[in-house]
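Q: I am new to this structure and would like to understand one part of it well. Please pick a place to start, then take me closely through the sheet and whatever goes with it.

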Amino acid sequence: MVTIDPDALSERDNYKLMIGSIIPRPIAWVTTLTPSGTVNAAPFSYFNIVTANPPLVSISVGRRDGAMKDTSRNAAALGEFVVHIPDERNVGAMNRTAAALGPEESELDAAGLTAVPSEAVRVPGIAEAAVRLECVLERIVPLGGTEESPASDLLIGRIVRYHFRDGVYDAGHIDPAALRPVSRLAGTGYAKLGEIFHLDRP
């Protein structure tokens, strides 16, 4: 085994080791709304379930030089956002929404995506996504960096509506083969679902 002390590494070197070894990572494709009504969209792979009681998800959104990104700022201002699960059919469009646009430029427009009204929140969703999770912001926690200049914002969202494309939802379960989700690796790498196997719990 190679043993490395993270305190001896730069931030960039720690980042490379983490994203290369903590794989595959699910992707939250998040839409938010600016105060003027522009729909922003961006993907984040620091994403997971927190609890099912109530249904909470977490998304870590890195800052730029201590400043909040559009997603965090919009979510904090409105208290709402929508999480989508990207899949093989829309991963190219999802990747295009990672472009660094201005806060009043819509990534949906730039990527040729369709906004769809939500039911329980004001933030629109992405029509091309097979899974949409309407969320209200439970809390936002600045983390890392320094107290004056945090490295990221941890968004905790409570799901208030689920939307599933026909064929993905089946009698209370999600069919992963129908969803065809994609996950994030290091660099420019993504992964498909691959082989599924089952193990009985001990």
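A: Let's start with I4, which is partly exposed because its relative accessible area is 47%, a value that, like all the others here, comes from a predicted model. I4 belongs to the segment before α1 (11–21). Together with V2 and L17, I4 forms a nonpolar patch on the surface, and the accessible area of the three adds up to about 300 Å².

From there we can turn to the sheet. The sheet is open and has 7 strands, in the order β2-β1-β5-β8-β9-β4-β3, with antiparallel pairing. The edges are taken by β2 and β3 (47–52), and each has a single partner strand, so one side of each is left without a neighbour in the sheet. On average, neighbouring strands are turned by 35 degrees against each other, direction ignored.

A good strand to look at closely is β1 (28–33). Here 6 of the 6 residues are buried, so β1 is largely enclosed by the rest of the structure. Its side chains go two ways: A28, V30 and T32 point to one side, while W29, T31 and L33 point to the other, and all are buried.

Now for the partners of β1. Toward β2 there are 6 bridges, and the two strands run antiparallel. In that pairing, T31 stands opposite A41 of β2. The hairpin of β1 and β2 has 5 residues between the strands, and there G37 takes a positive phi near 100 degrees. Toward β5, the antiparallel pairing has 3 bridges, and W29 stands opposite H84 of β5.

W29 also leads us out of the sheet, since N90 touches W29, along with E128 and A129, when residues up to four places away in sequence are not counted. N90 sits in the loop between β5 and α3 (91–96). With a relative accessible area of 3%, N90 counts as buried, because the cut-off is under 20%.

At the other end of the strand order, β3 and β4 pair in the antiparallel sense over 5 bridges. One of the pairs there is F47 with its bridge partner I59 in β4. Also in β4 is S58, which is buried because its relative accessible area is 15%. Leaving aside neighbours within four places in sequence, the contacts of S58 include F47, N48, V50, L154 and I156.

A helix goes with this sheet as well. Helix α2 packs on it, touching β1, β2, β4, β5, β8 and β9, and its direction makes about 55 degrees with that of β1. The buried residues of α2 (residues 70–78) are D70, T71, S72, N74 and A75. Just after α2 comes G79, whose phi is positive, near 80 degrees.

Salt bridges add another kind of link. The structure holds 9 of them, and several involve sheet strands. D153 forms one with R63, where the closest N and O atoms are 2.8 Å apart. D153 lies in strand β9 and R63 in the loop between β4 and α2, so this pair ties together parts that are 90 residues apart in sequence. Both D153 and R63 are buried.

Next comes the salt bridge of R122 and E80, with 3.2 Å between the closest N and O atoms. R122 lies in the loop between β6 (115–116) and β7 (125–126), and E80 is in strand β5, so the parts joined are 42 residues apart in sequence. R122 counts as exposed because its relative accessibility is 53%, whereas E80 is buried, with a relative accessible area of 9%.

A third pair is E138 and R158, whose side chains meet in a salt bridge at 2.7 Å, N to O. E138 is in strand β8 and R158 in strand β9, so this link ties together parts that are 20 residues apart in sequence. E138 is partly exposed at 37% relative accessible area, and R158 is partly exposed at 31%.

Finally, a short stop at P176, which is in helix α5 (residues 176–179). P176 counts as partly exposed because its relative accessibility is 34%. Apart from neighbours within four places in sequence, P176 is in contact with P181, L193 and I196.

Note on methods: Residues are numbered from 1 along each chain as its sequence is written. This is a predicted model: local features need pLDDT of at least 70, side-chain atom pairs count only at pLDDT 80 or more; totals for chains, interfaces and linings use all residues. Side-chain values use heavy atoms; hydrogens and water are left out. Helices (H or I, at least four residues) and strands (E, at least two) are DSSP runs, numbered from the N terminus. Buried means under 20% relative accessible area, exposed over 50%, partly exposed in between (1.4 Å probe, protein chains only). Contact means heavy atoms within 4.5 Å. Patches are made of residues with over 30% relative accessible area and no salt bridge: like charges are joined within 9 Å, nonpolar side chains (Val, Leu, Ile, Met, Phe, Trp, Tyr) within 5 Å. Accessible areas come from the Shrake-Rupley method with a 1.4 Å probe; for residues, only the protein chains shown count as cover. A salt bridge is a side-chain nitrogen of Lys or Arg within 4 Å of a carboxyl oxygen of Asp or Glu. Two strands pair if DSSP finds at least two bridges between them. Axes are lines fitted to C-alpha atoms, for helices over the stretch in contact, and angles run from 0 to 180 degrees between N-to-C directions.
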